[in-house]
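Let's take a look around this model and see how its parts fit together. We'll begin at the ligand and then move out to the sheets and the aromatic rings.

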Amino acid sequence: MAYVTSEVEAGVAVITIDRPKALNALNEEVLTDLKAAFDGLDLDAVRCVVLTGAGDKSFVAGADIGAMAKMTKAEGTAFGKFGNDIFRMIETFPVPVIAAINGFALGGGNELAMSCDIRLCSDNAVFGQPEVGLGITPGFGGTQRLARLVSPGMAKQLIYGGRNITAEEAYRIGLVNAVYPQEELLPAAKKLAGGIAKQAPIAVRNCKKAINDGLQVDIDKALEIEEALFGACFESWDQQEGMANFLRKKDDPNKVKVVAFQNK
Ligand code: CAA
């Protein structure tokens, strides 16, 4: 892959979009590499993913404007679907994905961050949907996910005005969970991912699915989704060993041990 790197350590994969000369802007090649990086992960080994951008200036500065400039209506529609399909794959990826937003997250960059489960950013990060200044709408899910993540009113204000916001403002409106000095961002994201990777993997996956799927339906259907995923955990070795360990500890504190969950 020319534009995306991937490395795995202790159950955590770090996927890096690596096109710093164009501030990691997304053209078809970058998007294809991004998909290949996720497709290539071994889900028996990887329990959490950190997604970031190369360099200290930009996470992703948007879809590639040069590549889009001459697109026809049909090509624009197809490009939107291409990006949407990949971002939806990331949103529904079986294990959690943490965006470590190390600078500009504009247009498609903010949209990519929003398709991740959790967003952490550096203090120099800049967020925005500047598309209307280019004569287009957000095209990789921005009109849908920003309204769901912050609020319809705030999303409309940001999208209609094309105004960028700072890391602090993104934190205030709930777009990101935490802001770090640049050099602390990746270690913080890896630490968070490492903590998730130590939990029972089937349970973590089922939590992600329950939250994501439940948000799409009414509360009664959502609770049925939770019940099914809760019940499914009881077929796992991890549930049996996790609970047996708790009971052993109560019985005899000397039997305390950290359960190495098996993903089975
Ligand atoms: N597409 C293509 N190239 C881009 C790019 C983008 N989105 N963003 C930056 N670049 C390129 C620049 O053209 C420049 O390349 P050259 O050195 O070859 O000229 C290089 O990255 C560095 O950029 P700047 O010189 O502009 O850096 P800066 O620090 O002065 O400005 C910036 C940084 C404010 C992010 C500015 O580059 C910018 O405004 N970029 C465009 C941001 C944008 O509008 N994003 C939305 C795109 S549309 C979209 O994403 C649609 C969608 O929803 C799918």
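For the class counts below, Ala, Val, Leu, Ile, Met, Phe, Trp, Tyr, Cys and Pro go down as nonpolar, Asp, Glu, Lys and Arg as charged, and everything else, Gly among them, as polar. One thing to keep in mind throughout: this is a predicted model.

## Around the ligand

Sorted that way, the shell around the ligand holds 14 nonpolar, 4 polar and 5 charged residues. There are 23 residues around the ligand, and the ones that come nearest are K57, A63, G108, E111 and E131. Three elements each put at least two residues into this shell: helix 2 (65-68), strand 6 (104-106) and helix 4 (108-114).

Now for the backbone contacts. A63 has a backbone N or O atom 2.8 Å from an oxygen atom of the ligand, and for G108 a backbone N or O atom also sits 2.8 Å from a ligand oxygen. K21 joins in with a polar backbone atom 3.4 Å from an oxygen of the ligand. As for cover, the ligand on its own exposes 970 Å², and the protein buries 61% of that.

## The sheet of six strands

On to the strands. One open sheet has 6 strands in the order 1-2-3-5-7-10, with mixed pairing. Its edges are strand 1 (4-9) and strand 10 (178-180); each has a single partner strand, so one side of each goes without a neighbour in the sheet. On average, neighbouring strands here are turned by 20° against each other, if you ignore direction.

Take the strand 1 edge. Strand 1 pairs with strand 2 (residues 12-17) in the antiparallel sense, over 6 bridges, and T5 stands opposite T16 of strand 2. The hairpin these two strands make has 2 residues between the strands, and A10 takes a positive phi near 50° there.

Over at the other edge, strand 10 runs parallel to its partner, strand 7 (residues 118-122), and 3 bridges hold the pairing. Here S122 is the residue opposite Y180 in strand 10.

## The sheet of four strands

A further open sheet is built from 4 strands in the order 4-6-8-9, again with mixed pairing. Which strands sit at its edges? They are strand 4 (58-60) and strand 9 (165-166), each pairing on one side only.

Strand 4 and strand 6 run parallel, joined by 2 bridges, and S58 faces F104 of strand 6 across that pairing. Strand 6 is also one of the elements that supply at least two residues to the ligand shell, which brings us back to where we started.

## Aromatic pairs

With ring centres within 6.5 Å as the cut-off, the count comes to 4 aromatic pairs. One of them is F38 with F93: the ring centres are 5.1 Å apart and the planes stand at 80°, so this pair is edge-to-face.

Where do the two rings come from? F38 belongs to helix 1 (residues 28-39), while F93 is in the loop between helix 3 (73-91) and strand 5 (97-101), so the pair ties together parts that are 55 residues apart in sequence.

Technical notes. Residues are numbered from 1 along each chain as its sequence is written. This is a predicted model: local features need pLDDT of at least 70, side-chain atom pairs count only at pLDDT 80 or more; totals for chains, interfaces and linings use all residues. Side-chain values use heavy atoms; hydrogens and water are left out. A residue is near a molecule or strand if one of its heavy atoms lies within 4 Å of it. A polar contact is a pair of N or O atoms within 3.5 Å; within protein, one must be able to donate a hydrogen and the other to accept it, and residues adjacent in sequence count only if both atoms are side-chain atoms. Accessible areas come from the Shrake-Rupley method with a 1.4 Å probe; for residues, only the protein chains shown count as cover. Two strands pair if DSSP finds at least two bridges between them. Axes are lines fitted to C-alpha atoms, for helices over the stretch in contact, and angles run from 0 to 180 degrees between N-to-C directions. Rings of Phe, Tyr and Trp (its six-membered ring) pair if their centres lie within 6.5 Å; planes under 30 degrees apart count as stacked, over 60 as edge-to-face and the rest as tilted.
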